[in-house]
Amino acid sequence: MKLLSWNVNGYRSIWKKGFLEWLHATDADMVCLQETKAWDSQLSGEQIQPPGYYSVFSRPERKGYSGVVTFSRQPFTVHQKGFGIDKYDKEGRVIITDHGKFLLANIYFPNGVSKKERLDYKLEFYDATLEYFKKLKDAGKNIVVVGDYNTAHKPIDLARPKDNTKRSGFLPEERAWIDKWVDAGFVDTFREFNDQPDQYTWWDLRTRARERNIGWRIDYFFVSENMQSAITDARIHMDQMGSDHCPIELTVDTSKL
């Protein structure tokens, strides 16, 4: 089973850049998008449910901001939108879907760059994420938590670590949370298959950083450790254009679940 995830930085924008053609070319079973920045009322029927896929959107209260959508070739059950905490749920950042053998959480984690209040919000959101999914994992659930985490975990995960130690996205307290996430039994699937540097998923468009591959790896497929033996591949599609992020991929052998 092939899963893809992509922060598209505007679903309506990426649609104009050939998203439907890309979607069908991937032959993916499930596709998670973040930062969709769209309400259903702003979309066509085909955009809401592309041919061949079922869909569920989580929209923010504010138009043109945040938002996630999950597409699946097979029917699924919506386990939950959000964490049941209004200050997080109103930003439309979380969809958790049940696919029988595993739960798939599509999350657009907050960015803490703008001001201290947003950094605090991001760290609180992280803690809510850990609490919510640790309970499910401890209950024996198979879990995939995918999306834009908005933090590079280790120095290998960004081009200029020394220059960014005081910038949100590589702060010690943000990185320490990912350490806690891993210690709680969640596996960074990409690093199970690729230990090389210069592997990034986001580049600053304003500085044309992508042309020089001055990037950050901030998009992840984490899985609960009880799923680890079923993961057969994880990769980054750095050549796919259309957003300031690129897609990431996970392959799961569901017969092992």
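Helix α5 (116-138) lies across β5, β6, β7, β8, β9 and β12, and it runs at about 180° to β7. Helices (H or I, at least four residues) and strands (E, at least two) are DSSP runs, numbered from the N terminus. Angles run from 0 to 180 degrees between N-to-C directions, and axes are lines fitted to C-alpha atoms, for helices over the stretch in contact. Helix α6 also packs on the sheet, where it touches β8, β9 and β12, and its direction makes about 30° with that of β12. This is a predicted model, in which local features need pLDDT of at least 70 and side-chain atom pairs count only at pLDDT 80 or more, while totals for chains, interfaces and linings use all residues. Residues are numbered from 1 along each chain as its sequence is written, and side-chain values use heavy atoms, with hydrogens and water left out.

The sheet beneath these descriptions is open and has six strands in the order β5-β6-β7-β8-β12-β9, with mixed pairing. Two strands pair if DSSP finds at least two bridges between them. At the edges are β5 (77-81) and β9 (186-188), each of which pairs on one side only. On average, neighbouring strands of this sheet are turned by 20° against each other, direction ignored. Strands of a sheet pair through backbone hydrogen bonds, either parallel or antiparallel. For β8 and β12 the sense is antiparallel, over five bridges; D148 has D219 in β12 as its bridge partner.

The two helices can be followed further. The axes of α5 and α6 are 11 Å apart, and the helices pack at an angle of about 5°. That makes α5 roughly parallel to α6, a label given to angles under 35 degrees (over 145 is roughly antiparallel, 65 to 115 roughly perpendicular, and the rest oblique). Contact means heavy atoms within 4.5 Å. Among the residues that make this contact are L123, Y126 and F133 of α5 and W177 and W181 of α6.

Next comes the interior. A nonpolar core is a set of buried Ala, Val, Leu, Ile, Met, Phe, Trp, Tyr and Cys residues joined through side-chain atoms within 4.5 Å. Buried means under 20% relative accessible area, exposed over 50%, and partly exposed in between (1.4 Å probe, protein chains only). The largest such core has 29 residues, and those with the most contacts inside it are F83, I107, F133, V145, Y149, W177 and W181. Its largest share, ten residues, comes from α5. Leaving aside neighbours within four places in sequence, I107 is in contact with residues including F83, F125, F133 and V145. Apart from this core lies another, of 23 residues, among them C32, V144, F221 and C246.

Helix α2 (residues 19-26) offers a smaller scene to explore, with F19, L20, W22, L23 and T26 as its buried residues. They cover an arc of only 160° around the axis, which puts them on the same side of α2; the arc is that of the directions from the helix axis to the C-beta atoms. The cover over these residues includes β1 (2-7), α1 (11-16), β2 (30-34), α3 (45-48) and β4 (68-72). On the face turned away from the buried side are the exposed residues E21 and A25. H24 also lies in α2, and at 38% relative accessibility H24 counts as partly exposed. Beyond its neighbours within four places in sequence, H24 is in contact with P51 and Y53. The C-alpha atoms of H24 and G52 are separated by 8.7 Å, although these residues are 28 residues apart along the chain. After α2 comes D27, whose phi is positive, near 55°.
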